[in-house]
Amino acid sequence: MPVKAEPLLTAAQARVAVVMVNYRTPELAIQSIRALAGERRALADLEVIIVDGGSGDDSAEKLAAFAVEAGFSQWVKVLALPINGGFGWANNQAMLRLLARPDPPEFIHLLNPDTEIEPSAVVALRQAMLDEPQAGAVGSQLLEPDGSPSGSAFRFPSLRGEFARGARTGAIERVLGLPPVAMPVTAERTYVDWVTGASVMLRAEALRQIGLFDDGFFLYHEELEMMRRMAEAGWKIVHEPRSRVRHVGGAATGVYDGVTRHQPLPRKPAYWYESRRLYFLRSHGAVRAAVATAAWAIGHALWRARRSIGLARDAQPVKHEIGDQLRLGLPRRADRSGGPVPWDAPVDLPPAWMGARRDG
């Protein structure tokens, strides 16, 4: 479906709202908001909604008090949610409220609390949106704490890619003709398959067309699924390296993704595998979702065999990975729950994944 042509926006018309989801990391969120204060000089209408995702501690109170004490209360608001509904659901609650306004923002910037923007990072994302009217999402260049580039833009997963992911060897990727999943670092703005949700600006018009996050996901892969829908609807996904954001990945979840953190991983939580399963199911159907898990398992068995004879000792296996992948990677009936949340849906409805777990 072709993207609907829009009148070109001027900089004065292009309002930006930043949405930041906090879960028991108020100190990190406060540090991130302080860095955003400088963007207000260039973006006078900039506003920030801090969504507290049912932290169950004093996070919401700390964040609200900070906004008042810092003199930010005019442009920083706290939305306290009663439950921990996950990343996508919490962001949806803020976006639903923003888009229901008589004068909604043109762009919504999702920003993790465990990030700190460099000067003009938000300005650069907005400028990319203005320059690229077919862009549905524009992502930043993430940086490690030491300032080195981190994985920020990626290619969509594939069945061959799942086999290669399990095999964990560059030779397999070369035989299959697979380019690296992570796009190379570049100084120029580029079109990509998807960008990380740690710092991404979304076009409100695209969200009205394709819907918000799928509330069948709890955490991980939800931005990947959304951007696939955007691409299928004709919107472009853009990586803007001039927007630079330092990121301490997994600070709120304890999970590191292995792309941005080059170290052996501990056991991943069940929701990581469930979300990957749901991504393949939503994007490719139940049969291909099952094949993706089988392809990974075959590749992983090959990696184990190579490692047993003294090869492939450059990394340790992820704890319980094979059992968790097979147990949680195959489609199930409860996966039918959920789907993209319409932009004009009622607020505060519980996420579909909660009902799916009761029924599954």
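Visitor: What percentage of the 360 residues of the protein count as buried?
Guide: Bear in mind that this is a predicted model. A residue goes in the buried group when its relative accessible area is under 20%. Of the 360 residues in the protein, that group takes in 52%.

Visitor: And how many helices and strands are there in the protein?
Guide: Let's go by the secondary structure. For the protein it adds up to 12 helices and 11 strands.

Visitor: What share of the contacts with a separation of 6 or more comes from residues 24 or more positions apart?
Guide: Here we look just at contacts in the protein with a separation of 6 or more. Among those, residues 24 or more positions apart supply 83%.

Visitor: What part of the accessible surface belongs to carbon and sulfur atoms?
Guide: The protein has about 15,900 Å² of accessible surface. The part belonging to carbon and sulfur atoms is 56%.

Visitor: On to helix pairs. Are H1 and H2 roughly parallel or roughly antiparallel?
Guide: Helix H1 covers residues 26–37 and helix H2 residues 59–69, and their axes sit 10 Å apart at an angle of about 25°. Angles under 35 degrees count as roughly parallel, so H1 and H2 are roughly parallel.

Visitor: Which residues of H2 make that contact with H1?
Guide: H1 passes H2 in a right-handed crossing. From H1 come Pro26, Glu27, Ala29, Ile30, Ile33 and Arg34. By class, the contact holds 6 nonpolar, 1 polar and 3 charged residues. On the H2 side, the residues are Ser59, Lys62, Leu63 and Phe66.

Visitor: What about H5 and H9: roughly parallel or roughly antiparallel?
Guide: Helix H5 (residues 159–167) and helix H9 (residues 270–284) have axes that come within 12 Å and cross at roughly 155°. Anything over 145 degrees counts as roughly antiparallel, so H5 and H9 are roughly antiparallel.

Visitor: Which residues of H9 meet H5?
Guide: The crossing of these two, H5 and H9, is left-handed. H5 brings Leu159, Glu162 and Arg165. The contact divides into 3 nonpolar, no polar and 3 charged residues. Their partners in H9 are Trp272, Arg276 and Phe280.

Visitor: Which helices do the buried residues of H5 pack against?
Guide: First, the buried set in H5 is Glu162, Ala164, Gly166 and Ala167. Just after H5, by the way, Arg168 takes a positive phi of about 55°. As for the packing, those buried residues of H5 have as partners helix H6 (170–176), H9 and H10.

Visitor: Take H10, then. Is its packing with H5 roughly parallel or roughly antiparallel?
Guide: The axes of H5 and H10 are 6 Å apart, with an angle of about 30° between them. With the cut-off at under 35 degrees, that makes the pair roughly parallel.

Visitor: How many nonpolar, polar and charged residues are in the contact of H5 with H10?
Guide: H5 passes H10 in a right-handed crossing. Among the residues involved are Phe163, Gly166 and Ala167 of H5, and Ala295, Trp296, His300 and Trp303 of H10. Sorted by class, the contact has 10 nonpolar, 3 polar and 4 charged.

Visitor: You mentioned His300. Why is His300 counted as buried?
Guide: His300 is part of helix H10, residues 286–308. Beyond its neighbours within four places in sequence, His300 touches Gly166, Ala167, Glu321 and Ile322. The cut-off for buried is under 20%, and His300 counts as buried because its relative accessible area is 2%.

Terms used:
Residues numbered from 1 in each chain as written. Predicted model: local features only at pLDDT ≥ 70, side-chain atom pairs only at ≥ 80, totals over all residues. Heavy atoms only, no water. Helix = DSSP H or I, 4+ residues; strand = E, 2+ residues; numbered from the N terminus. Buried < 20%, exposed > 50% of the residue type's maximum accessible area, 1.4 Å probe, protein only. Contact = heavy atoms within 4.5 Å. Areas by Shrake-Rupley, 256 points an atom, 1.4 Å probe, with all protein chains shown as cover. Axes fitted to C-alpha atoms, helices over the stretch in contact; angles between N-to-C directions. Parallel < 35°, antiparallel > 145°, perpendicular 65-115°, else oblique. Left-handed = near helix turned anticlockwise from the far one by under 90°. Nonpolar A, V, L, I, M, F, W, Y, C, P; charged D, E, K, R; others polar.
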